[in-house]
Structures are given as C-alpha cells and as structure tokens.
Amino acid sequence: MTTRTIRANDVVDSIADALQFISYYHPADFVQSLKQAYEAETHGPARNALLQILINSKLCATARRPVCQDTGIVHVFFRLGMDARIRDEQSDITPSLQKLANQAVARAYGSTSNPLRASMIQDPLGCRTNTRDNTPAIVHIEMVEGNTVGMTVAAKGGGGDVKARYTMLNPSDSVADWVVGQIPAMGAGWCPPGVLGIGVGGSPEQAMIMAKHALFSPIDMHVLQKQGPQSPVDELRLELFERINSLGIGAQGLGGNTTVLDIKIEQAASHAALLPVAIIPNCAATRFITFELDGSGPAKLEPPSPSLWSGIPDSLPALEGKAVNLDTLTPAEVATWKAGDTILLSGTLLTARDAAHKRLADLLERQQPLPVKLCGRAIYYVGPVDPIEGEAVGPAGPTTSTRMDKFMPALLEKTGLLVTIGKAERGPIAISAIKQAGAAYLMAVGGAAYLISKAVQSARIVAFEDLGMEAIYEFTVHNMPVVVAVDANGRSVHKTFFAEVDGT
C-alpha cells in the first residue's frame with residue numbers, strides 16, 4: 001500500500017472544528033430517539049423534562065451555543081493507519097498525537113464566537129488548578145492497516161463519567177443482574193434518558209475503555225427490537241433495555257417510561273477465570289463525531305438538517321407554577337411548597353459548586369466571615385459557560401447535587417441558607433439537613449443549559465474569582481422554572497436508591 005502523508009494542520013483543524021461542531025449539534029439519532037421517548041411518555045414531570053431537553057437542543061443548533069454548560073473533557077480516539085504519516089510542513093517533523101490534540105482543544109475552547117468551558121484541573125491531589133484551556137486531551141491510539149487516519153472526537157461531561165461502574169465478576173455470574181443492580185444507585189446525575197455503554201471481558205482497564213467506546217455507535221434499539229436477537233450480545237442488550245426501563249427511574253429521575261434510549265456493548269477475549277464488566281453512561285449532552293483523513297484536507301462536517309427538530313417549539317410553553325420572589329423569600333413561604341410543585345424563580349440567587357463549597361466550609365470551620373451572606377438566600381449549583389455579546393451568561397445548567405451533600409448540614413445550620421438548586425436527587429445526609437432546617441431543594445433540568453440561561457438577566461462574580469468557572473456568581477433571574485424535589489418536610493420526588501433508603 002502506498003504511504004500517504006497527512007498534514008499536521010489538518011489534524012488540528014479537524015479536531016478543533018469537531019469540538020465546536022459537537023458542542024451545539026446533537027447526533028441526529030440521539031435527537032430522534034429523544035423525540036420518540038417524548039411522544040411515548042405519559043408521566044407529566046418526565047414529559048416536561050424531555051421537552052426542555054429537546055427545545056434546548058433546537059436552540060443550541062440554531063444559535064451555535066453549547067448544549068450543556070459542562071462542555072466536557074476531550075477524548076480523541078485515533079485509528080492510525082500503519083502506512084499513514086503525519087507531518088508538520090513547517091518543521092518537517094512528525095509531531096505527537098497528544099501535542100496535536102492539545103493544540104486543537106486549546107483553540108476550540110478559546111473560541112471567541114463560541115467559548116467553551118474549561119473544566120480540566122492539574123495536580124488533582126494538590127492545588128487542583130484549572131488549566132484554563134481544557135487541556136490536556138485524553139488520547140487513545142489504535143494502530144490499524146491502511147494509509148488513512150480515522151478519529152472519533154468526543155466531549156464527555158463529568159455527570160456521565162462520575163457514574164462509571166466497574167466490577168470483576170465470576171465467570172458464572174449474571175452480567176445482566178449486576179448491571180441492573182447498579183442503576184438505582186447511580187441516581188439521575190447522569191441526566192437520563194441516555195445511552196448505557198458496557199464493556200465485557202478483556203482486562204480491567206480494557207473493559208472501561210470498551211464501555212466508553214461502545215457509546216459512539218448509532219442508536220438502533222428500535223431496529224434490534226423489530227428483527228430480534230442474533231447473538232448473545234443482542235440478547236443482553238434487549239434484556240437490559242427492558243429491565244432498566246421497567247425500574248421507572250425515567251427522565252431526570254422523575255419517573256416515567258424511558259431511563260435508557262439504548263444499550264451498547266463491546267466485548268473482548270479475557271482470561272478464563274475473569275469476567276470484567278464496566279458501565280459508562282452517555283448523558284443528555286451526548287457529543288461525538290467520527291471522521292477520516294486521507295490527505296486531501298481537514299474533515300468536512302455536515303450539519304444536521306433543520307428538519308431534525310421539526311415539531312419542537314422554539315421556547316418552553318407557559319408553565320403553571322408558583323411565582324417566587326427570591327429577594328423576599330421566608331421560611332414560612334418555603335414551608336408551603338410541596339414536593340413536585342413547579343416553581344418560577346425571579347430575583348437574585350448565588351451560584352456555588354464543589355470548590356466554592358469547600359472554601360465556604362473551611363471558613364465556617366475556622367469561624368471566619370464568609371465573602372457573601374447566605375441567610376435566607378438560594379444557591380444554584382452551576383459552573384456557567386462564558387457569555388458572548390447579547391448574553392448575560394452562557395449556558396448555565398445545573399450540576400449534580402449529591403456532590404454538595406456533605407456540606408449541607410453546616411451551611412444550613414450556620415448560615416441560614418434557605419434554598420439549594422441543582423439536578424438529580426439528594427442523599428440521606430442532605431435530605432435530613434433540609435428537613436431539620438425547614439429548607440428546600442429545587443431541581444432544574446440537566447441537559448437544558450442554554451434554555452435555562454435565557455432566564456438569567458444579569459450575572460456578576462462576587463467571590464473566589466480565581467476559581468474560574470467555579471467562582472461564586474450572583475445571578476438575577478426571571479421566571480426560572482424548577483421543580484420542588486425535596487420539600488421542607490423531607491419528601492422527595494425522586495425514585496432512586498437514596499429516596500428508598502430515606503423512606504421518602
């Protein structure tokens with residue numbers, strides 16, 4: 001086979017273009033599956049959540065703004081043909097694929113027309129400093145026959161990867177039973193419905209990579225259901241699809257018909273004594289694209305047809321809910337809210353997530369003053385994308401609330417904080433603290449970040465500016481839609497492991 005030269009600049013351009021592309025275009029099969037789930041959904045809260053995700057998808061495709069505030073960690077899966085040579089024309093050297101991927105990430109995430117959120121931190125056991133350009137990329141390289149370079153570029157959010165699971169089963173154990181048993185405890189922080197990737201066999205680390213790689217294949221469960229299983233893998237996919245959806249977790253953990261849109265499985269040969277199994281979900285911010293470079297230039301990425309979003313409205317229909325003024329909020333008013341109520345928030349709220357909570361907790365422990373007053377106020381768990389012209393803030397969807405659970409007792413007791421807002425369920429520690437304080441936890445829809453940002457009228461940093469996207473902001477919002485997920489009596493709307501343990 002003739003050796004073929006691929007220009008290094010074409011690799012960088014292709015990855016950078018792909019990262020911008022997938023930040024605002026969902027894969028077409030994912031949108032189609034969400035539409036089918038929405039049309040089939042009979043449970044009101046889940047149906048509303050699905051509609052918000054679909055509207056968000058349409059708005060992002062039109063405005064070319066990110067579908068989620070968590071614009072992800074970049075993964076590049078290279079399939080490098082043995083007869084392909086990547087050359088830098090200026091230096092006439094062969095650069096490392098890691099270097100090229102990092103250059104592309106820095107360019108894409110630093111775009112002025114569509115800036116993406118930098119989430120990568122260095123020194124995870126130390127100062128945990130944000131790298132500010134979302135580098136480094138996670139690079140996987142497979143050497144294959146041929147003279148082209150194939151790539152799958154993905155931006156994987158933390159909400160999905162944080163729910164990854166791994167086990168080493170005995171060869172006689174049921175893979176299906178173990179997987180189904182993991183789903184309730186995974187909660188709703190991965191923003192279901194989505195696709196579940198499963199890796200079976202190989203070595204432990206290979207199983208994890210297969211689980212993630214399995215996510216980058218087309219959604220075709222409806223085809224498999226019609227034609228029937230042709231292999232043990234097909235049988236396992238169908239069994240898991242039926243059993244997981246029958247759990248009733250549903251969209252955003254609110255109940256309903258659809259928790260998973262598809263089950264994807266990759267398997268590999270393994271030692272006779274081993275049965276490694278890994279799970280990784282894809283969330284509502286499903287972002288990936290696959291292409292091939294043959295030396296003729298950078299990849300050409302074709303946008304989906306606008307007809308993909310036909311029938312989806314441009315905005316959320318008027319919701320019936322309680323109008324709440326956050327600037328005059330009282331414990332007595334919070335006490336009237338019931339789990340499941342729709343609330344429309346207006347006024348000012350603060351933002352804070354992991355790093356800010358840790359600093360606040362340290363200040364409280366040292367009995368030092370806080371940089372912001374929390375008494376009677378609301379905190380929204382979010383790390384927003386930087387705004388562009390005409391925006392108060394970029395996409396600003398909620399992050400997973402359980403990560404802040406351990407801070408709840410001290411914050412509620414010592415500061416008078418009244419309301420927290422995030423996504424998915426709360427754990428027993430947080431629910432107990434909320435009940436004891438007569439506070440409330442409100443849930444926004446994960447996967448509707450750009451839609452939610454439309455409710456933000458102004459935003460300014462008020463503390464911990466050095467934390468980047470984890471700084472504390474003050475938002476002024478108008479009619480921001482949320483659901484009371486845990487009320488002042490400790491009642492929860494989520495059907496998850498946590499709710500069952502807590503008895504609510």
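**Exercise 1. Backbone angles at arginine 132 and asparagine 479**

Locate arginine 132 in this predicted model, then state the sign of its phi and its exposure class.

Solution.
Step 1. Arginine 132 sits in the loop that runs between β5 and β6.
Step 2. Its phi is near 75 degrees, a positive value in a residue other than glycine. Most residues other than glycine have a negative phi.
Step 3. The relative accessibility of arginine 132 is 53%. The class begins over 50%, so arginine 132 counts as exposed.
Step 4. Asparagine 479 also has a positive phi, of about 55 degrees, although it is not a glycine. This asparagine belongs to strand β19 (residues 472–486). Because its relative accessibility is 37%, asparagine 479 counts as partly exposed.

**Exercise 2. Cis peptide bonds**

For the bonds threonine 135 to proline 136 and proline 192 to proline 193, give omega and place the second residue of each.

Solution.
Step 1. Between threonine 135 and proline 136 the peptide bond is cis, and omega is about 5 degrees.
Step 2. Proline 136 is in the loop between β5 and β6 (138–144).
Step 3. Proline 192 and proline 193 are likewise joined by a cis bond, with omega near 10 degrees.
Step 4. Proline 193 lies in the loop between α6 (175–186) and β9 (194–201).
Step 5. As background, most peptide bonds are trans.

**Exercise 3. Cysteines and disulfides**

How many disulfides does a search of the whole structure find? Work through cysteine 60 and cysteine 191.

Solution.
Step 1. The search of the whole structure returns zero disulfides.
Step 2. For cysteine 60, the nearest cysteine sulfur is that of cysteine 68, 9.3 Å away. The criterion requires two sulfur atoms within 2.5 Å, and cysteine 60 is in no disulfide.
Step 3. For cysteine 191, the nearest cysteine sulfur belongs to cysteine 283 and is 5.8 Å away. Cysteine 191 is in no disulfide.
Step 4. Cysteine 60 counts as buried because its relative accessibility is 0%. Cysteine 191, at 3%, counts as buried too.

**Exercise 4. The largest pocket**

Describe the largest pocket by volume, lining residues and contributing elements.

Solution.
Step 1. The volume of the largest pocket is about 1100 Å³.
Step 2. Its lining has 44 residues, and those nearest its centre are Arg128, Arg353, Asp354, Met469 and Glu470.
Step 3. β5 (129–130), α5 (158–161) and α11 (354–365) are the elements that give two or more residues to this lining. The most comes from α11, with four residues.
Step 4. Sorted by class, the lining has 15 nonpolar, 13 polar and 16 charged residues.

**Exercise 5. Surroundings of glycine 383**

Is glycine 383 buried or exposed, and which residues is it in contact with beyond its sequence neighbours?

Solution.
Step 1. Glycine 383 is in the loop between β15 (378–380) and α12 (408–415).
Step 2. Its relative accessibility is 0%, so glycine 383 counts as buried.
Step 3. With neighbours within four places in sequence left aside, the contacts of glycine 383 are Gln69, Arg117, Arg353 and Met469. Arg353 and Met469 are also among the residues nearest the centre of the largest pocket.
Step 4. Alanine 396 is 13 residues from glycine 383 in sequence, and the C-alpha to C-alpha distance is 6.8 Å.

**Exercise 6. Cavities and an annotated span**

How many cavities of 30 Å³ or more does the structure hold, and what lines them?

Solution.
Step 1. There are two cavities of 30 Å³ or more.
Step 2. The largest cavity has a volume of about 40 Å³. Residues lining it include Pro27, Phe30, Asn282, Thr286 and Phe288. By class its lining has six nonpolar, three polar and one charged residues.
Step 3. The second largest cavity has about 40 Å³ of space. Asn282, Cys283, Thr286 and Phe288 are among the residues that line it. Its lining divides into five nonpolar, three polar and two charged residues.
Step 4. In the unreviewed UniProt entry, the annotation "domain: Fe-S hydro-lyase tartrate dehydratase alpha-type catalytic" covers residues 13–290. In the model that span is 38% helix and 23% strand, and its end C-alpha atoms lie 14 Å apart.

Note on methods. Residues numbered from 1 in each chain as written. Predicted model: local features only at pLDDT ≥ 70, side-chain atom pairs only at ≥ 80, totals over all residues. Heavy atoms only, no water. Buried < 20%, exposed > 50% of the residue type's maximum accessible area, 1.4 Å probe, protein only. Contact = heavy atoms within 4.5 Å. 1 Å grid on protein atoms, 1.4 Å probe; cavity = no way out; pocket = protein on both sides within 12 Å on 5 of 7 lines; lining within 4 Å. Points joined across faces, edges and corners; volume = space filled by probe spheres on them. Nonpolar A, V, L, I, M, F, W, Y, C, P; charged D, E, K, R; others polar. UniProt positions renumbered as here; feature names shortened; annotations may be inferred.
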